[in-house]
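Student: I'd like a close look at a single part of this protein, and a walk through how that part sits in the rest. Here's what I have in front of me.

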Amino acid sequence: MNANTESASAATAADDPDWLVDDTLPGSGEISDSAQAAAPWRVLIVDDDVDVHVVTKFALSQASFQGRRLSFLHAYSGAEALAVLRSTPDVAVVLLDVIMESQDAGLQVARRIREELHNSSVRIILRTGQPGQALEHRIILDYDINDFWCKTDLTTRKLFTTVISSLRTYASLREAQQQVAELEAALDQQADRH
């Protein structure tokens with residue numbers, strides 16, 4: 001493939017939302033029918049820089065967890081992020097830029113996810129291009145976030161590890177919430193009988 005063909009292929013691929021989804025698991029051949037039918041993990045990328053969206057998708061192109069692929073949703077502002085989260089309650093991970101339409105737009109989104117949307121399951125990974133040690137300490141203490149990275153430190157390997165770890169935690173939380181709901185339903189049913 002020459003450079004022009006590769007460039008054209010990349011440009012075409014960027015327009016296709018599924019261009020970075022791996023259809024096979026490493027070492028396992030084709031995905032089973034049940035795994036293929038499983039809904040993908042939803043990852044919301046929130047950043048006002050289009051290039052960050054492209055690079056993030058590329059970095060996570062081979063990622064899958066528990067036989068489920070990743071599906072990427074996009075928001076370019078805090079308001080868009082909250083709208084996506086309101087309409088798509090099963091977002092597992094939010095990769096959230098701190099500085100967008102304001103200096104603390106990402107922080108306000110993180111606070112509103114927890115306080116207004118009452119979503120304690122979604123894993124929030126803050127990313128910033130302007131790190132500061134005092135700022136990082138304050139954010140970790142004051143906001144219910146799950147990880148905080150400087151964009152320049154977040155290599156492909158670290159991003160992959162962080163997202164998979166977050167998906168693992170999200171899956172465990174959702175399973176625990178389901179078990180609690182089932183127990184509450186069983187207790188309610190038992191109380192109705194007596």
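In β6, which residue is the bridge partner of I125? And could you take me from there through strand β5 and its surroundings?

Tutor: The partner you're after is D147, which pairs with I125 from its place in β6. Keep in mind that this is a predicted model. That pairing belongs to a set of four bridges joining β5 to strand β6, residues 147-150, and the two strands run parallel.

Now the other neighbor. Strand β4, residues 91-97, is joined to β5 by five bridges, again in parallel. One pair to find on your screen is V93 with R123 as its partner in β5. To get from β4 to β5, the chain passes through helix α5, residues 105-115, and this β-α-β crossover is right-handed.

Next, look at the side chains of β5. In a regular strand, side chains alternate between the two faces of the sheet. Here R123, I125 and R127 point one way, while I124, L126 and T128 point the other way, and all are buried. With under 20% relative accessible area as the cut-off for buried, six of the six residues in β5 (residues 123-128) qualify, so the strand is largely enclosed by the rest of the structure. For the protein as a whole, 39% of the 194 residues count as buried.

Some of the surroundings come from helix α3, residues 50-59. Its buried residues are V52, H53, T56, K57 and A59. Seen down the helix axis, they fall within an arc of 160°, so they line one face of α3. That buried set packs against β5, and also against β1 (41-46), β3 (68-75), β4 and α7 (156-193). On the face turned away from the buried side you'll find the exposed residues D51, V55 and F58. While you're at α3, check its N-terminal end: D49 caps it, with a side-chain oxygen 2.9 Å from the backbone nitrogen of D51.

To zoom out, the protein has seven helices and six strands, and along the sequence they follow the pattern α-α-β-α-β-β-α-β-α-β-α-β-α. Among contacts with a separation of 6 or more, 70% are between residues 24 or more positions apart. As for the outside, the accessible surface comes to about 11,200 Å², and carbon and sulfur atoms make up 51% of it.

Methods: Residues are numbered from 1 along each chain as its sequence is written. This is a predicted model: local features need pLDDT of at least 70, side-chain atom pairs count only at pLDDT 80 or more; totals for chains, interfaces and linings use all residues. Side-chain values use heavy atoms; hydrogens and water are left out. Buried means under 20% relative accessible area, exposed over 50%, partly exposed in between (1.4 Å probe, protein chains only). Two strands pair if DSSP finds at least two bridges between them. A crossover is right-handed if, with the strands pointing away from the viewer, the path from the first strand over the helix to the second runs clockwise. Contact means heavy atoms within 4.5 Å. Accessible areas come from the Shrake-Rupley method with a 1.4 Å probe; for residues, only the protein chains shown count as cover. The arc is that of the directions from the helix axis to the C-beta atoms. A polar contact is a pair of N or O atoms within 3.5 Å; within protein, one must be able to donate a hydrogen and the other to accept it, and residues adjacent in sequence count only if both atoms are side-chain atoms.
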